[in-house]
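Open the model in your viewer and keep the selection tool ready. We will go stop by stop.

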Amino acid sequence: MTDKILKAMTPKRKTAVNGKSPAMTYFVVLAAYAVLELCIKTGIMSSHLQGLLVPMVYYAIVAVGLNICVGILGELSLGHAGFMCIGAFGSAVFSLLTDGVLPDGLRFLLAFLVGVALATLFGFLIGIPVLRLNGDYLAIVTLAFGEIIKNLLNALYLGIDENGLHASLSNQMALGLSPDGKMLINGAMGVSGTPHDANFTISMVVLLIALFLAQNLVHSKHGRAIMAIRDNRIAAESIGINIVRYKMQAFTISAAIAGAAGVLFSHNISTLQASSQYFGYNVSIMILVYVVLGGIGNLRGSVIAASILYLLPELLRGLNKYRMLIYSIVLIVVMIFNWAPAAIAWRENLAAKFKAARKENV
Amino acid sequence: MALLEVNNLCISFGGLRAVDDFHMTIEKGQLYGLIGPNGAGKTTVFNLLTGVYAPNEGRIILDGQDITGHKTIEINQDGIARTFQNIRLFSQMPVIDNVKAALENQYSYSLFDSLTHLGKFRQVEKEITERSMDLLKVFDLDRFAETLASNLPYGQQRKLEIARAMATNPKLLLLDEPAAGMNPNETAELMKTIELIRDKFGITILLIEHDMKLVGGICERLTVLNFGRVLCEGPTKEVLSNPEVIKAYLGDE
């Protein structure tokens, strides 16, 4: 009897983690793309708003990446802006080096791969020592990593001339570039002159690819092992799951996706600077907010939350003083109406209580 | 030859000798019970057998192979699977995925196949799903395949944990207090399940239990542990009527 009731009560869904069907997620993204693209074509959308579209998408991409780490793997990372930073600078330098040498499309594709590969490499290197430990070490180390990368790139001077690459951490003169040499990274001034290859369409394609990979991962052997570790490490070990290997895989993929977002970042901005505004820990926390409010483990939620929460403060700029007030109210509303399994349960609980209270009053 | 042979097993935590000179021999296909008062060191023995702790002294021989000092993951591949005293399921995953996760080492495709769902993915996933459903059917859990593990009733959660352990194809199954917290009906059902898997899979089972009805009902041999040392061992009936054992459980007059 109880079995029957239980079965009736249990929603039919693929997994709890990514409750929604993958196809629906692609549909939502494609529909949003179609509507926005239509607005651009018909001229309804202001140029200010158009400029916000690419950033909106790359933040959605990092949110998807971070959700793999936080929601699927269950490890906290506070340094995803750092991986973005690496992807951004790596690809920007590559683009400067090969601009004019390679055809544009090929150059951007290679720059993209370089950015992703570098972020992957750093994710891997950080993972080697940290993911062997249990506890909050990953959060601490990634927080430090993000800050170190940002500060290091702020102080780095990199140039190229006929003698090859020159690097220095003190100043531009120390490079000793020949007159026809070219500055690649100019310390705090950053990288300028990166070609504007990233447009809204390309960003959406990257977002779809990131979602495709992430959702496939969740519904696979590797994803199950990763989520098993999240749910119960000791039990996972007892059935022969190699904890460190799967944690490394999840974290590295997560870093790679953040790197991809970084590539879009650097190819959408005229001057790329490693400033706190773009790559500080505040940004990492902001991305974490997108993930948490979109629902931890809910990939579609991450995309929606990132889009809304990125656009909102920008659109509210006109309201000046009230901007942050409205933003915080929206945060609270999103918190109540998010799609995390725990939040859904909490809402149902609350509704039941209200019902009970009303009955008593009557 | 015995399936499991344990000799002179010792472990100390600081000054406490938690398990001292523990020995045990289990024949293939036996249903063996490990009993003893609270704090006697039963779970510590399980943790030693499954590599959670490395013993200070002693040897563990499984099926002729010395597995002393192997890590937990290796021991699972050597052929020992276990359940836990406090249920440890993958609670946010559906029932079927709990079992699928345990099939991890028996089926393989690459990470690339996982990310793209290309290559061997479809074929292997189909096999994994079929294997898992077959296993769930044995435990009568196939109705709940898509239910979240945490939403299962308590008794079914215990069963799922056993099913998950069985999915790793063990030679020896360790059950840590499988009947803890169960009502008499559930315990009776559990006894049937344990005997069923022993007969169906021809597996050897070692269980820790306090429920004497269960122990007396299904175990063929017992080892009694008290203060980390073996108090006595032998066929169930003999052990349970041994005055030493009764004294250890009920105390002196």
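The tour covers confidence, then a sheet, then a pocket.

This is a predicted model, where local features need pLDDT of at least 70, side-chain atom pairs count only at pLDDT 80 or more, and totals for chains, interfaces and linings use all residues. Residues are numbered from 1 along each chain as its sequence is written, chains are lettered from A in the order written, and side-chain values use heavy atoms, without hydrogens or water.

**Confidence.** Colour chain A by pLDDT (the predictor's confidence in each residue, from 0 to 100). The mean is 88, and 93% of residues reach 70 or more. Now select residues 5-19 of chain A: pLDDT is below 50 there. Where pLDDT is low, the predicted coordinates should not be read in detail.

**The sheet.** Select strands 1, 2 and 3 of chain A (strands are DSSP runs of E, at least two residues; helices are runs of H or I, at least four; both numbered from the N terminus). They form an open antiparallel sheet in the order 2-1-3. Strand 2 (164-168) and strand 3 (182-186) are the edges. Strands 1 (157-161) and 3 pair over 4 bridges; pairing takes at least two DSSP bridges. Find Y157(A): its bridge partner in strand 3 is N186(A).

**The pocket.** Which residues are closest to the centre of the largest pocket? Select Y59(A), Q277(A), M286(A), Y310(A) and E314(A), from a lining of 22 residues. A pocket is an open set of points on a 1 Å grid over the protein atoms alone where a 1.4 Å probe fits, with protein on both sides within 12 Å along at least five of seven lines; lining residues have an atom within 4 Å of a point. Finish on helix 12 (281-294) of chain A, which gives the most to the lining, with 5 residues.

How values were computed: Contact = heavy atoms within 4.5 Å.
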